[in-house]
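Student: I would like to learn how to read the features of a protein model. Can we go through one together?
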Amino acid sequence: MSKLGTAAKSEPLSKSEPLPVHAADSHDLIRVTGARVNNLKDISVEIPKRRLTVFTGVSGSGKSSLVFGTIAAESQRMINETYSAFVQGFMPTQARPDVDVLDGLTTAIIIDQERMGANTRSTVGTATDANAMLRILFSRLGKPYIGSPQAFSFNVASISGAGAVSIQRGGQTVKERRSFSITGGQCPRCEGRGAVTDIDLTALYDDSKSLNDSPFTIPGFSMDGWFGRIFIGSGLFDPDKPIRRYTKRELADLLYKEPTKIKVEGINLTYEGLIPKIQKSMLSKDVDTLQPHIRAFVERAVTFTTCPECDGTRLSEAARSSRIDAINIADACAMQISDLALWLEKLEDPSVAPLLAALRHSLDSFVEIGLGYLSLDRPSGTLSGGESQRIKMIRHLGSSLTDVTYVFDEPTIGLHPHDIARMNELLLQLRDKGNTVLVVEQKPEAIAIADHIIDLGPGAGSAGGEVVFEGTLDGLRASGTLTGRHLDDRARLKTSVRRPSGALEVRGARTHNLQDVDVDLPLGVLVVLTGVAGSGKSSLIQGSVSGRDGVVTVDQGAIKGSRRSNPATYTGLLEPIRRAFAKANDVKPALFSPNSEGACPNCNGAGVIYTDLAMMAGVATVCEVCEGRRFLAEVLDFHLGGRDISEVLAMSVSEAEEFFGAGEARLPAAHAILDRLADVGLGYLRIGQPLTTLSGGERQRIKLATRMVDKGTLPGLYVLDEPTTGLHLADVQNLLALLDRLVDSGRSVIVIEHHQAVMAHADWIIDLGPGAGHDGGRVVFQGTPADLVAGRSTLTGEYLAAYVGA
C-alpha cells in the first residue's frame, strides 16, 4: 500500500493526459431485463444515463408500464426501503415490479399529469411555496406590522385562550394562570375558503318523514347502516316523529350539533349534525373532483357565494391592512405572476435580500415555463393536467441535484406549438446538468430532441408490449415501425368546408382573462378553438358554452374508479349484458355482477386476495376458489351464445363487438356502446380490465366514448377538450374520421386543440390571444384554416402554415 502511495505521489499525472477510466464511470446505463409489468412481454432494454430518452408507441403499447410501472416504481420502492420500518408504515406500500433485473437505477423524480390537490384551500401559491416566501416578506416589510408570517396565512385562524396550568417546581405542584394567543390571517367568516355556503335544507331531507321512514336525501346518508343507528341511538329524537314537528332544540341538534360522544348498543360512537358532517365530507373538497352523484347533490343543495367580509381573498381584515408600497398580500396574490415578478424587481431592502432573490427566482421560473399568466391565488383544483405538470417542474429547474432521473408523462400536453419549443429547452437544460431524462411522448417536435428513442408496439394491449425499435431519430424514420412511418405525417388543408346551419352567440364574455368577448360559434360544422396556453380558450367554453341545454362537454377530468371498476361497468355496458344473461337463463341479473350476488365469496368478486403486510408491500394472490374469474362456480354454468360471463368480460372490445353484433348473443344496446369504444381507438381493450391499469389517454377516450352514447344528446353540441391527448400519430386520422361522423350525423362539434392536424381539418377556426393572461382573452382570428394560413397574422397561423408546408 505504501509503495503504491509513494509511486502515485512521485509521478503525478500530466494535465494533458486523459484521466484513467475508473470502475465507477462504467455505470452509464440503466439496464432492464425481463420486464413483464401489465402487457410487457419479457422485454429487455438499455437506457443511456445523462441523456434524453423518449419512449413512443401507440396508446396502450406499454410505454407507461416500462417507464412508470417498472423503472420509476422500482427506484422509488428502493428509496423507501432506506427508511426505518416506523417511517415506512406511514408511506404508500409498493410491490417490486415484475422484472428479472433492474441495474444502474438512480433516484427517480416523477413529474406526471396528476391533478394537484382537491382541497379547497390549495392554491398555486401554497402548492409551490411561493406563498410561504411572500408571507415572510410581508411580515418583515409590511406596514403596519401585524405579526409573524402566519398572520398572513389564510390557513391559520386567530385564537386565544387563558386558564390555570399545573407546574412542577421545587418538588411542589404550583398552579399558575397562563394565557396565549395566535394571530392568523384566516378570514373568520369563510374560514379561509374565499366563499360562503348557503345550504337548502329542503334538499337534505323530507320533513314529512320520521327517522324510521328514511327521510334523508343526501348521498351515502342511509338509515339502513351505522349512520341510521347513530341517529336513532343518539336518544336526541323520537324516531317515529316527523321532522316538521321537531322542536327548535331538536332541529338544531339534527342540523348543527357539534361532534358528541355517545354509546349505541354498547359501542362508543360520535354523533354529529348534518351540516358539519356535510361540510367535512363534501364541502371541504373541490366540487369538480367529487364523484358525479355527490357533485350533483352539492350543486343542487349548496349555493356558493363570494365571502362578503374578505371579498374572496380568504384573508382577515388585519392581514389586508398591512402593505408594502400600497400593495397588500391579497393584491400581490391576485396579480398575474409575470406582473408580480416585475413588482418584486422594484423592491430593494438588504435585510431581506436572500428572500427576495429566492422569491424572484421562483416567479421567474413560472414565466420561463410558460405559466406567467397564472396568479398565486388560483385554486390548484382548477388547473389542467398540463399546467399541474409544469408547476411540478418549477421546483426542479433551479435544483442543484445532478445524476437523478427525471420522468415526464407527455409534458407537451396542453401546449401550443409555440410553447413546445420552450418546453424542449427546459428538458434539455435538465439533461445538460447531468441528469437522465425519460419522456413518454407522442408529439414529433418533442421526439425530435431525443438522444435515444425506444419505440414500443407493434400494437396496443395484448398486441403490444414489445420493443420494436431502439436508436436515433433518423433510425426511427427508416425503421418501418408504425411510429417511424407516421413521424412525418402532415395533414392537408380541406379543399372545401361545410356551411354552418346556425350559430351559438356569445356576448360580453368576461370569465377569468376574457376581455368582453363577442363571438358567434358556428353550428353544424367542426369548429376548432386555438391559442397559446392561458389565452382564454377554456374560459370561453366553461363560462359561456358548457351548461347550456344540449351541450355535452368532455373535458380532461380524471375518471374515478377503484380496482373493481372496468370499462364494462364505467360505460354501462355491463347492464344490458347482465340482463341478457338473466333472460337467457331465467335467473336474476344480480348473479352476473362480481360486485353483487354472483361474486365469489372467497375473494368478494375481486378475483385476487389482497394481503396487507403493514409497512411492506401488500401481496395479491389469485383466488384459489374462482381461479381469478370472480364469480361463483354455479354462475359460470349459465351461458349466452356459448360463453359464460367471465369469458365475456375477458373479451377485447373488438371481439365483444363481433360477439354481440349477430347470432344468438345479438344485443344492440351493448353493440352501440362497443361500437363507440372501437371508434375512439380502444378496440384492443379488454372490457373487464381494471380501470386502474389503463393509461391516461385510454381513460380519456373511454370517457369520450361514454358521453357520445348518452341518451338525449341527439342532436346536440359536443365540446371536446384536447381529444388528441395521448393519441399516437397513427390514431389521429381515426379521431378526425370520428369527428367527421359526428358532424355528418347532424351534431355540432367544438374542439379545443393544439394539434395542427385537427386545425387543418377544421371547417372554422377561432384563435384567441395574442398572448396569455391579460395579454390574451381576445379573438385574434376567426375564419377558415386556409384563410388563417394565408394571412399568417397570428402565432397559430405561422405554425399551421409551416406544418402544412404552405
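Tutor: We can begin with a sheet, bearing in mind that this is a predicted model. An open sheet is built here from 3 strands in the order 2-1-4, and their pairing is antiparallel.

Student: Which strands stand at the edges of this sheet, and what does that leave them without?

Tutor: The edges are strand 2 (43-48) and strand 4 (99-103). Each has a single partner strand, so one side of each has no neighbour in the sheet. From one strand to the next, the twist averages 5°.

Student: How many bridges pair strand 1 with strand 4?

Tutor: Strand 1, residues 29-35, is paired with strand 4 over 4 bridges, in the antiparallel sense. To find a position in that pairing, look at Val32, which has Leu102 of strand 4 opposite. When you look along a strand, keep a general idea in mind: side chains in a regular strand alternate between the two faces of the sheet.

Student: Which helix lies across these strands?

Tutor: Helix 2, residues 63-80, lies across strand 1, strand 2 and strand 4. The direction of helix 2 is at about 115° to strand 1.

Student: Which salt bridge links strand 1 and strand 2?

Tutor: The general idea is that side chains of opposite charge can pair when their charged atoms come close. In this case the side chains of Glu46 and Arg31 form a salt bridge, at 3.5 Å from N to O. Glu46 belongs to strand 2 and Arg31 to strand 1; they are 15 residues apart, and the pair links distant parts of the chain. The count for the model comes to 38 salt bridges.

Student: What is the order of the strands in the open sheet of 6 strands?

Tutor: The order is 21-24-25-20-26-27, and the pairing is mixed. Strand 21 (551-554) and strand 27 (778-783) are at the edges; each has a single partner strand, so one side of each is left without a neighbour in the sheet. Neighbouring strands are turned against each other by 15° on average, with direction ignored.

Student: Do strand 24 and strand 25 run parallel or antiparallel?

Tutor: Strand 24 (residues 717-721) and strand 25 (residues 748-752) run parallel and are joined by 5 bridges. Within this pair, Leu717 is opposite Ser748 of strand 25. Helix 26, residues 729-744, packs on the sheet and touches strand 20 (526-530), strand 24 and strand 25. Its direction makes about 145° with that of strand 25.

Student: Where does the model have a hairpin?

Tutor: Strand 9 and strand 10 form a hairpin, with 2 residues between them. Strand 9 covers residues 260-264 and strand 10 covers residues 267-271; the two run antiparallel, joined by 5 bridges. Lys261 stands opposite Thr270 in strand 10. In the turn, Glu265 has a positive phi of about 55°.

Student: Which residue in the loop between helix 14 and strand 14 should I look at for its phi?

Tutor: Look at Asp403, in the loop between helix 14 (385-397) and strand 14 (405-409). Asp403 is not a glycine, yet its phi is positive, at about 55°.

Student: Which peptide bonds are cis?

Tutor: One joins Lys143 and Pro144, with omega about -5°. Pro144 lies in the loop between helix 5 (130-141) and strand 6 (159-169). Another runs from Gly769 to Pro770, where omega is near 5°. Pro770 is in the loop between strand 26 (764-769) and strand 27.

Student: How many cavities of 30 Å³ or more are there, and what lines the largest cavity?

Tutor: The count is 5 cavities of 30 Å³ or more. The largest cavity holds about 110 Å³ of space. Its lining has 16 residues, with Glu410, Lys443, Thr724, Thr725 and Gly726 nearest the centre. By type, the lining of the largest cavity divides into 4 nonpolar, 7 polar and 5 charged residues.

Methods:
Residues numbered from 1 in each chain as written. Predicted model: local features only at pLDDT ≥ 70, side-chain atom pairs only at ≥ 80, totals over all residues. Heavy atoms only, no water. Pairing = 2+ DSSP bridges. Axes fitted to C-alpha atoms, helices over the stretch in contact; angles between N-to-C directions. Contact = heavy atoms within 4.5 Å. 1 Å grid on protein atoms, 1.4 Å probe; cavity = no way out; pocket = protein on both sides within 12 Å on 5 of 7 lines; lining within 4 Å. Points joined across faces, edges and corners; volume = space filled by probe spheres on them. Nonpolar A, V, L, I, M, F, W, Y, C, P; charged D, E, K, R; others polar. Salt bridge = Lys/Arg side-chain N within 4 Å of Asp/Glu carboxyl O.
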